[in-house]
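Okay, let's get going. I'd like to walk you through some side chains today, so have a look at what's on the screen.

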Amino acid sequence: SRFPGMAGKKRLRLNGGAYRRDNTPIHKERHIEQQAYLKWVKAEIDNETACLELPFTIMLLLCFSCVGLMHLNQSVVFSVEQAINRDILENANFAFDHDFGNKAVMEINSFADVWSWLRLGFVPQVADNRWRYSEGFSRETKESWNLFGDQSSPPPASGDYLRYNRIIGGIRFRQQLASVAAGSCKFPGTADDEVFQQWYGKPCMPVFEESIFTPTNVEVESFSGAQHVEWMFLDHTRFGSLLDQVDDMADGCQNYEAKGRSTCQCQWCASQDPPSPWLTEQTERMELAFSSYNAVYGLISLTVVNFFFSRGSSIHKRVHTMSSWMDPFALPPLQLLPMVTADLLWLGMLLWLSVTELREVVNTIAAGPLRQWYKSLYFEYIRFWNMVDWVSIVVALVVVVLFFRLTSANLRLQKEFQGIIEATRSGSSGVYTSSVKSFYSQLDVVLGFEKDFRAALSIYPMVVMLRLFKSFAAQPRLAIVTETLRVAGGDLLHYCLVAFPVFVCLCLEAVFFFGHEVEQFTTLSRAMHSCLRMMFGDWDWEPLQRVRRVYAGVWLVVFMTMVTIVLLNIFLAIIMENHAAVKDRSEGAITLLQQMKEMRRRHFMNKAGTRIRLSKILKAFVEQAEGHEKEAMSSTVELNADKLQELVAGLRADQAERTVEKAVEAHRWETCAEYELTEAVDPFDRIVVRSRGHRRSLFEMVAPFDALLSAGEIVEPLNALLGTGEGPGPTPTVIATTSKSKDSPEDLQEAVQKEVDRFAIESSLVLDNALRRVARRQEHVERRQHAMLLSVRAMQQSLQTLVNEASSLTSQLHAAAADRAEAAERTWFCGSPLPSMQQWLNRCSGGSTHNSATLVANENTEGASSSQGSSSQCSTSCESGAPSRPRPAPQATALQHSRDGLPVVYRSKEKK
């Protein structure tokens, strides 16, 4: 910058080149410190590597997507699991009226409902091996049915379920119990606890982790501390015996002799002394589960029905099915080949990535002192993006380990499954029972491993997304999203400090208003989740207005106004404002296509031998520093193109100059501060002030002569000064004595003012355009500043020309005044009309040389008669149109410069 107040280092980035104060291009300097040069080289290597990783990362993501989708095959799993869940929820009915059940599992509200549902709904739906017919159909005609396409209708196999599934082993019942603690009841302090305990009549059995709300799948999938385990084996037990077992579990083997049986079917109930019901008030959670195998898909499933007995007298129900592939590679060749190919590709890419990172770690350690390898890693290698690479490798390895662990567990499960089949064939009840129990235990392990495997698969795409951001960060146009979040980080932090307390206060208010009647607002966490959904329009007015309509309306209006309308839009405004700023700064940056062309150019030049790799340049400097990269990166030796060629073998002159220029530009971009918009205001304000001062000076110089011309006092002398007659005869009119002589100074003043106004307008337009471009495109500031400087120089030259013309005009006017004074002393006067002011100005500007020559000639020819009388002199002077004595020379003017660099005219005092 050439303006005062804008001196110093500023960040300038121009496509047309950078300039210093002396207007010399920066690239002609071509020297830079070694540390800055190597920093640019290393950054270019890292950016090129990260950019080349983009297709690799995309390919890695595609391969992993194929691996996950093919191994899980979620659509088939969803189909099987939803069919089982829907059958239990909708078809296992009880409370029958003739052939129709009026209640389902979700309508269970008491212990009696639990046993009624088991005996009338669940067990017949799952364990009944007979064919199903429509209501009222004669069961005696079942032999005429041709269900399998042949002439016979054999009964279905034991454990056949939903036509395409087979139940394995039987049904498992188990429960979790609450502890009976003395003194756990909470009574008022007005009397002894014994009085209240005697009145209450039974001990309290609190639950440590009570399910107050409807449990989620995460709570259902975990079961610890199983007690009261009971089994229903389907392969060796009649359907009627299963119903008897349900009855004995309900009443604890009471009156089984009255039921016509000699033994109790509930083994746990019979083992108690005295026998007790299987379900009691101490029960915290009850679970019944059965496993099924779908031979069409090779999918094994475990279906669990859970009842959570809260101490608030509610029974929460949850039906959940978990599945796993018995053998993930038991597929047709057309499905197996793509899956195995994707597995091998993904594992190969993972291996290559691991080797690359390990090699970089080894090189980092080798570049520093061996005894302080940990410091080398800490200061040179540990970076955010390197940590992202290692996290992706670790998560991928966890996925591989969990897959092999799941496969190993599936192999053991297959052996247990085969043991059940062999025990069924042998007919041994004890072996069969132990085989079923062992199978269910192994199935729980497999499903636990399956859950962990799915969780790892769901985490890995997030890590791959971070790797994509690493590649995006190497390209300015692709890094807009991450750069926007980085730039907006401070604003978002302050925004959150305001928005979060407001949001929490409104959530607390919702808990106090609606928590006792609306489940979504019973706790603060649930209220925050519900309010977050309300921000995006997912809310229900009916439950709120049932509590209290007025309070609900006021709270809803306040929440929607403060959070949705104000805070949410401010958040979007912060993001959009910073995004616009980042996008404006990146408009002049290199595009992805240009970067690909640059990398392609480097590749072909490397192949042709006209260029060496940047890694070789870095290696040459490291070797010069005896293998210590840190010392090479911290050296302050000045480098130029010639010295680079001496240090790096095979480096061409054009590449050396090109790298130095780019390194200089990058160093200036990093170290120089950015121009602020306010820094350009003061210099241009000074330009405006100077322009106005010069305009006033011009007006002050012209005003006295305008006054003389308006008064008519200067008409005769100007006629004598500017007459053009060369012989006898009338003198041509030069300045009119009519009213035009009064209007001519006004025209001159108006013309001068228009010129000055035009100059001011042009200056304002240049300033306005320059500032707008500075605000919109930061990266083009240097080129536009250069153009602005050229414009200012042109304006200064125009102003200097204008001042010179005004100075010349002043000199001519002073000369005319001097002639007038001399003529008055000699008392001569000519009555011929004077020329107009415009003709006089034309003579002063365009024909000044010719007029001066004419006057000089007249002076030489008329010099001989200068000694005659006054009348003769007057007549001769009138005829010739020239004065009798030489005209005095114009006053000298000194053109100097002020300390601000603009011209100022100094006039010498006139000697009388």
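Let me start with a definition: when I say a charge sits over a ring, I mean that NZ of Lys or CZ of Arg is within 6 Å of the ring centre and within 35 degrees of the ring normal. By that test, the charged end of Arg526 sits over the ring of Phe213, 3.8 Å from its centre. And please keep in mind throughout that this is a predicted model.

There's another arginine like that. The charged end of Arg174 sits over the ring of Phe223, and here the distance to the ring centre is 4.2 Å.

Stay with Arg174 for a second, since it leads us to an acid. Which side chain does Glu287 join through a polar contact of 2.7 Å? It's the side chain of Arg174. So Arg174 has its charged end over the ring of Phe223 and also a polar contact to Glu287.

Where is Glu287, then? You'll find Glu287 in strand S8. Is Glu287 buried or exposed? Glu287 has a relative accessible area of 2%, so it's buried. If you skip the neighbours within four places in sequence, Glu287 is in contact with Arg172, Phe173 and Arg174, then Phe223, and then Val304, Val305 and Asn306. Note that Phe223, the ring under the charged end of Arg174, is on that contact list of Glu287 too.

Okay, aromatics. How many aromatic pairs does the count come to? The answer is 35 aromatic pairs. Let me pick out Trp117 and Phe307: their centres are 5.7 Å apart with 70° between the planes, and the pair is edge-to-face. That pair links distant parts of the chain, with Trp117 in helix H3, residues 111-127, and Phe307 in strand S9, residues 299-309, the two being 190 residues apart. Trp117 and Phe307 are both buried.

Next up, Phe173, which we just met as a contact of Glu287. The ring of Phe173 pairs with the ring of Trp278: centres 6.0 Å apart, planes at 85°, so that's edge-to-face. Phe173 is in strand S6, residues 165-177, while Trp278 is in the loop between helix H7 and strand S8, so the pair ties together parts that are 105 residues apart in sequence. Phe173 is buried, and Trp278 is buried as well.

There's also an aromatic cluster to look at. One cluster is formed by Trp231, Phe233, Tyr293, Phe417, Tyr432, Phe439 and Tyr440.

Now for the cysteines. How many disulfides does the structure hold? It holds three. Let's go along the chain.

Cys185 and Cys204 form a disulfide with the sulfur atoms 1.7 Å apart. The link of Cys185 and Cys204 is right-handed, with 115° about the S-S bond. Cys185 is in the loop between S6 and helix H4, and Cys204 is in the loop between H4 and helix H5, so this disulfide ties together parts that are 19 residues apart in sequence. On burial, Cys185 has a relative accessible area of 13% and is buried, and Cys204, at 17%, is buried too.

Then there's Cys253 with Cys264, joined by a disulfide with an S to S distance of 1.4 Å. The torsion about that S-S bond of Cys253 and Cys264 is about -40°, so this disulfide is left-handed. Cys253 and Cys264 both lie in the loop between H6 and H7, eleven residues apart. Both Cys253 and Cys264 are buried.

The remaining one is Cys266 to Cys269, a disulfide with S to S 2.5 Å. It's worth having the cut-off in mind here: a disulfide is a pair of cysteine sulfur atoms within 2.5 Å. The link of Cys266 and Cys269 is right-handed, with 60° about the S-S bond. Cys266 is buried at 0% relative accessibility, and Cys269 is buried with a relative accessible area of 0%.

Last stop: why don't Cys507 and Cys531 make a bond? The closest cysteine sulfur to that of Cys507 is in Cys531, and it's 3.6 Å away, so that's too far for a bond. Cys531, likewise, is in no disulfide. Cys507 counts as buried at 0% relative accessibility, and Cys531 counts as buried at 0% too.

That's my tour, thanks for listening.

Conventions:
Residues are numbered from 1 along each chain as its sequence is written. This is a predicted model: local features need pLDDT of at least 70, side-chain atom pairs count only at pLDDT 80 or more; totals for chains, interfaces and linings use all residues. Side-chain values use heavy atoms; hydrogens and water are left out. Rings of Phe, Tyr and Trp (its six-membered ring) pair if their centres lie within 6.5 Å; planes under 30 degrees apart count as stacked, over 60 as edge-to-face and the rest as tilted. Helices (H or I, at least four residues) and strands (E, at least two) are DSSP runs, numbered from the N terminus. Buried means under 20% relative accessible area, exposed over 50%, partly exposed in between (1.4 Å probe, protein chains only). A polar contact is a pair of N or O atoms within 3.5 Å; within protein, one must be able to donate a hydrogen and the other to accept it, and residues adjacent in sequence count only if both atoms are side-chain atoms. Contact means heavy atoms within 4.5 Å.
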